[in-house]
Amino acid sequence: MVHLNQPMERNEPIQVFFYSTQSGREPVREWLTALSKDEKKLIGEDIKTVQFGWPIGMPVVEKLDRDLWEVRTILRNKIARVLFTMHAGQIVLLHGFIKKTQKTPVDDLDLAKERMREVKGGQ
């Protein structure tokens, strides 16, 4: 019996890709490399939870806008967010940041939306 409020377990994870700029930079990967080993591990575990359990909701994932979600990771003394979209059945990591305010900052949200439009071909 499947309960609708529980994530579906997958045998194969959904593929995850980093958003890439036209010059080939991967801002989320760059952001992650600047974090400590423990912080990277925690964020990676939460992304893996999404890969194997999608669709998944709170407390790991929150929907922010149409086709835009955030992976929510609680670190030792701060909160990390990785904003992502689903495209062609794959997870695309658009933007990562350390959250310093209650609401997601407009600049971070706008940046993720712009990158999402690029990924989806201007849709």
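With 123 residues, this protein would have a radius of gyration near 14 Å if it were a compact globule, and its value of 14 Å agrees. That radius is taken over C-alpha atoms, and the globule rule is 2.2 Å times the number of residues to the power 0.38. Along the principal axes, the C-alpha atoms fill a box of roughly 45 × 35 × 25 Å.

A quick word on what you're looking at: this is a predicted model, where local features need pLDDT of at least 70 and side-chain atom pairs count only at pLDDT 80 or more, while totals for chains, interfaces and linings use all residues. Residues are numbered from 1 along each chain as its sequence is written, and side-chain values use heavy atoms, with hydrogens and water left out.

Now follow the chain. You'll meet three helices and five strands, in the order β-α-α-β-β-β-β-α from the N terminus. These are DSSP runs numbered from the N terminus: helices are H or I with at least four residues, strands E with at least two.

Next, look inside. Buried residues (under 20% relative accessible area, 1.4 Å probe, protein chains only) make up 38% of the 123. The largest nonpolar core, a set of buried Ala, Val, Leu, Ile, Met, Phe, Trp, Tyr and Cys residues joined through side-chain atoms within 4.5 Å, has 21 residues, and Ile43, Val50, Trp54, Val61 and Phe84 touch the most other members. Elements giving this core two or more residues include α2 (37–53) and β4 (79–87); β4 supplies the largest share, four residues. Apart from this core lies another, of nine residues, including Tyr19 and Phe97.

Note on methods. Buried < 20%, exposed > 50% of the residue type's maximum accessible area, 1.4 Å probe, protein only.
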